[in-house]
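Grab a coffee and work through these exercises with the viewer open. Each one gives you a task, then a solution in steps.

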Amino acid sequence: MTFVKKILFPVLFISFMLSCSKNESQQKGSPEYISEVNQWHQKRVERLKEENGWLTLAGLFWLKEGQNSFGSNKSNDIIFPDNSPDNIGTITLEDSIVSLKVNESVEVLNDGNPVNQLTLENDLTENPTILDMGSLRWYIIKRDDKYGIRLRDTQHPLRFSFKDVEKYPVNDDWKIEATYEAYNPPKIIKLPTQIGTIAEEKSNGAIVFTKNNETYKIDAIDTGSRLWLIFADKTNGEETYGAGRYLYIDKPDSTGKTIVDFNYAYNPPCVFTKYATCAFPPKQNHLKLEITAGEKMWGEMH
């Protein structure tokens with residue numbers, strides 16, 4: 001080992017250990033609470049790396065009305081990755097009905113069985129049709145009046161190279177009691193999306209909380225079991241994703257109280273892939289507050 005290596009390796013190791021130690025010393029809260037948040041984060045990372053996690057997305061192709069030929073050959077309407085056959089078949093969109101026809105020489109599976117022709121249910125139905133071919137997996141998504149193919153590659157290199165998402169040290173100062181302010185009637189909020197559309201969602205109420213003697217309000221979306229917050233703050237574009245972050249919280253109790261814990265704030269999927277169709281915060285959910293909790297930015301997709 002050269003002299004430089006002998007000196008450099010210990011220095012790098014000590015720097016790494018000091019960084020870890022510093023991060024741990026910055027954490028604030030009971031050991032149980034800190035452990036709970038960190039375990040949730042680790043499970044979140046593992047979900048990203050699953051076969052159907054966001055890291056396996058390999059394409060998003062919008063269908064035109066009529067027939068759409070697809071395969072790896074550049075003459076197709078939709079060009080699949082090079083590890084697929086030249087011409088797989090056609091996907092036809094006709095009056096909101098999407099159907100598949102597979103060429104005889106190609107094997108495409110649905111629920112483990114080869115298919116030749118099939119009507120495809122989209123992701124907004126109870127039972128979307130999943131198709132497999134080798135390591136490729138795809139299904140139809142519906143966004144407003146647009147239909148597209150969401151393509152995954154279960155062997156996508158990012159799935160195996162991905163390590164972690166940096167986050168702020170756990171700090172229970174960001175675990176804040178909040179009040180639920182119901183809307184009667186509910187209001188429609190407009191969410192810009194990654195694909196350039198505006199998604200409309202119903203908001204039954206807002207979460208109101210106080211931080212540093214200032215009051216803040218976030219319109220919430222009821223997902224059934226919990227409330228979904230899509231928010232932006234003053235860390236966006238610096239330490240966190242420029243377009244905002246997401247957070248799930250429990251519904252309010254009988255007194256209208258709930259907890260907003262920003263330590264569980266996480267990145268939209270479009271941070272990890274250009275093939276997502278993320279919704280971004282409405283203007284009223286842009287907070288003039290630095291929320292130094294939850295996930296930070298990942299990778300180069302600023």
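**Exercise 1. Find what share of the residues counts as buried, and get a feel for the whole chain.**

Step 1. Of the 302 residues in the chain, 46% count as buried. Buried means under 20% relative accessible area, exposed means over 50%, and partly exposed is in between (1.4 Å probe, protein chains only).

Step 2. Some ground rules: this is a predicted model, where local features need pLDDT of at least 70, side-chain atom pairs count only at pLDDT 80 or more, and totals for chains, interfaces and linings use all residues. Residues are numbered from 1 along each chain as its sequence is written, and side-chain values use heavy atoms, with hydrogens and water left out.

Step 3. Now list the elements: the chain has 3 helices and 17 strands. These are DSSP runs numbered from the N terminus, with helices being H or I of at least four residues and strands being E of at least two.

Step 4. Along the principal axes, the C-alpha atoms fill a box of roughly 70 × 65 × 30 Å. The accessible surface is about 16,500 Å², and carbon and sulfur atoms own 50% of that (Shrake-Rupley method, 1.4 Å probe; for residues, only the protein chains shown count as cover).

Step 5. Take the contacts (heavy atoms within 4.5 Å) with a separation of 6 or more: 56% of them come from residues 24 or more positions apart.

**Exercise 2. Count the charged side chains and say how far apart the centres of the two sets lie.**

Step 1. You should get 35 positive and 42 negative side chains. Lys and Arg count as positive and Asp and Glu as negative, while His and the chain ends are not counted.

Step 2. Place each charge at NZ of Lys, CZ of Arg, CG of Asp or CD of Glu. The two centres then lie 5 Å apart.

**Exercise 3. How many salt bridges does a search of the whole structure find? Look up the partners of Asp172, Asp77 and Lys190 too.**

Step 1. The idea behind the search is that side chains of opposite charge can pair when their charged atoms come close. Here, a salt bridge needs a side-chain nitrogen of Lys or Arg within 4 Å of a carboxyl oxygen of Asp or Glu. The search turns up 15.

Step 2. Start with Asp172, which pairs with Lys28 at 3.1 Å, N to O. This one links distant parts of the chain, 144 residues apart: Asp172 sits in the loop between α3 (157-161) and β12 (175-192), and Lys28 in the loop between α1 (3-25) and α2 (31-48). Asp172 is partly exposed at 26% relative accessibility, and so is Lys28 at 39%.

Step 3. Next, Asp77 meets Lys64, also with 3.1 Å from N to O. Asp77 is in the loop between β2 (66-71) and β3 (78-79) and Lys64 in the loop between β1 (57-62) and β2, so the pair ties together parts 13 residues apart in sequence. Relative accessibility is 45% for Asp77 and 40% for Lys64.

Step 4. Lys190 goes with Glu200, their closest N and O atoms being 2.6 Å apart. Because Lys190 is in strand β12 and Glu200 in strand β13 (residues 198-211), the pair ties together parts 10 residues apart in sequence. Both residues are exposed.

Step 5. Finally, look for shared partners: Lys28, Asp172 and Asp173 are joined into one network by their salt bridges.

**Exercise 4. Is Thr277 buried or exposed, and which side chain makes a polar contact with its own?**

Step 1. Locate Thr277 in the segment after β17 (257-261). Thr277 is buried, because its relative accessible area is 15%.

Step 2. The Thr277 side chain makes a polar contact with the side chain of Arg143 at 3.1 Å. A polar contact is a pair of N or O atoms within 3.5 Å; within protein, one must be able to donate a hydrogen and the other to accept it, and residues adjacent in sequence count only if both atoms are side-chain atoms.

Step 3. Skip the neighbours within four places in sequence, and the contacts of Thr277 include Leu60, Trp62, Ile141 and Thr193.

**Exercise 5. Which peptide bond is cis, from Asn184 onward?**

Step 1. Check the bond from Asn184 to Pro185: omega is near 5 degrees, so to speak the giveaway. 

Step 2. Pro185 itself is in strand β12.
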